[in-house]
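Student: I have the sequence and the model open, but I get lost when I look at everything at once. Please choose a single part and take me through it slowly, with its surroundings.

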Amino acid sequence: EEAALSSSSSSSPPLGSHYIGRKEDIVRLGRVTRLVDGSRDVLVLHHRGQLYAMDMRCYHAGGGLQNGDIEEFNGRSCIVCPWHKYKITLAEGEGLYQAVPNPTARPLRTEWRSKGVKQRVHQVTEVRGDVYVTLDSRAEEVESDRYQTDKYRTTFCNN
Ligand code: FES
């Protein structure tokens, strides 16, 4: 079923949303990047039947997430930044880190924990095969915001 493939589906694009492209093209390419609303570089990707959107440049140091692999950590799908391998959950933009709950135990065990939301994620809507992104408007600063400036837009020409 068409509707089951995207984050949300409705009969008309949400107010203030921005057209990204045809779903079949995004599915075929796996990922696309767009300058949305003339102000924000966004990565839209398709993974296991779901569409996701997030800021394109990694919250750590601005690495281009469009070149990252997708891997599962604790059952959560993450994009792995190609620069320093930070893991970011696709659905929430949480940064994951590997914790050592008990440093004296042998064998040493590690587990993946969340640092909280570090990468701004955006809402994806599909309307009859057209994909739209609504930029996240939460007021609190998210670490990835700092790479959404003209400085980084012109420094990293990786579209
Ligand atoms: Fe992404 Fe460093 S820039 S991990």
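Tutor: Let's get our bearings in the chain and then look closely at one strand, E3.

First, a word on how to read the picture. This is a predicted model, in which local features need pLDDT of at least 70 and side-chain atom pairs count only at pLDDT 80 or more, while totals for chains, interfaces and linings use all residues. Residues are numbered from 1 along each chain as its sequence is written, and side-chain values use heavy atoms, with hydrogens and water left out.

The chain has two helices and 11 strands. Both kinds of element are DSSP runs numbered from the N terminus: helices are H or I with at least four residues, and strands are E with at least two. Starting at the N terminus, their order is β-α-β-β-β-β-β-β-β-β-β-β-α. Of the 159 residues, 45% are buried. Buried means under 20% relative accessible area, exposed means over 50%, and partly exposed lies in between, using a 1.4 Å probe and protein chains only. Half-way numbers turn up in the contacts too: of those between residues at least 6 apart in sequence, 50% join residues at least 24 apart. A contact here means heavy atoms within 4.5 Å.

Now find our strand. E3 covers residues 40-47 and belongs to an open sheet of six strands, ordered E1-E11-E10-E4-E3-E2 with antiparallel pairing. Strands E1 (18-22) and E2 (31-36) stand at the edges with a single partner strand each, so one side of each has no neighbour in the sheet. In general, strands of a sheet pair through backbone hydrogen bonds, in either a parallel or an antiparallel way. To count as a pair here, two strands need at least two bridges found by DSSP.

Look first towards E2. Six bridges link E2 and E3 in the antiparallel sense. Among the partners, Leu35 is matched with Asp41 in E3, and Arg31 stands opposite Leu45. The hairpin of E2 and E3 has three residues between the strands, and Asp37 takes a positive phi near 60° there.

Now turn to the other neighbour, E4 (50-55). E3 and E4 also run antiparallel, joined by six bridges, and Val42 faces Asp55 across them. This hairpin has two residues between its strands, with Arg48 at a positive phi near 50°.

What about cover? In E3, eight of its eight residues are buried. The burial holds for both faces: Arg40, Val42, Val44 and His46 lie on one side, and Asp41, Leu43, Leu45 and His47 on the other. In soluble globular proteins, nonpolar side chains tend to be buried together.

That brings us to the nonpolar cores. A nonpolar core is a set of buried Ala, Val, Leu, Ile, Met, Phe, Trp, Tyr and Cys residues joined through side-chain atoms within 4.5 Å. The largest one has 13 residues, and Leu43, Met54, Leu65, Ile79 and Ile88 have the most contacts inside it. E3 and E4 each supply at least two residues of this core. Leu65 shows how the parts meet: beyond its neighbours within four places in sequence, its contacts include Leu43, Met54, Ile79 and Ile88, along with Arg31, Cys58 and Gln119. Apart from this core lies another of 11 residues, including Val32, Val36, Val44 and Val124.

Two of those Leu65 contacts lead us to a second sheet. Ile79 has Ile88 in E7 as its bridge partner, where strand E6 (76-80) and strand E7 (87-89) pair antiparallel over three bridges. They sit in an open sheet of five strands, E5-E6-E7-E8-E9, with antiparallel pairing. Its edges are E5 and E9 (111-117), each with a single partner strand, so one side of each lacks a neighbour in the sheet.

One last stop is the cysteines. Cys58, one of the contacts of Leu65, is buried because its relative accessible area is 1%. Cys78 is buried as well, at 0%. A disulfide is a covalent bond between the sulfur atoms of two cysteines. With a cut-off of 2.5 Å between the sulfur atoms, the structure holds zero disulfides.
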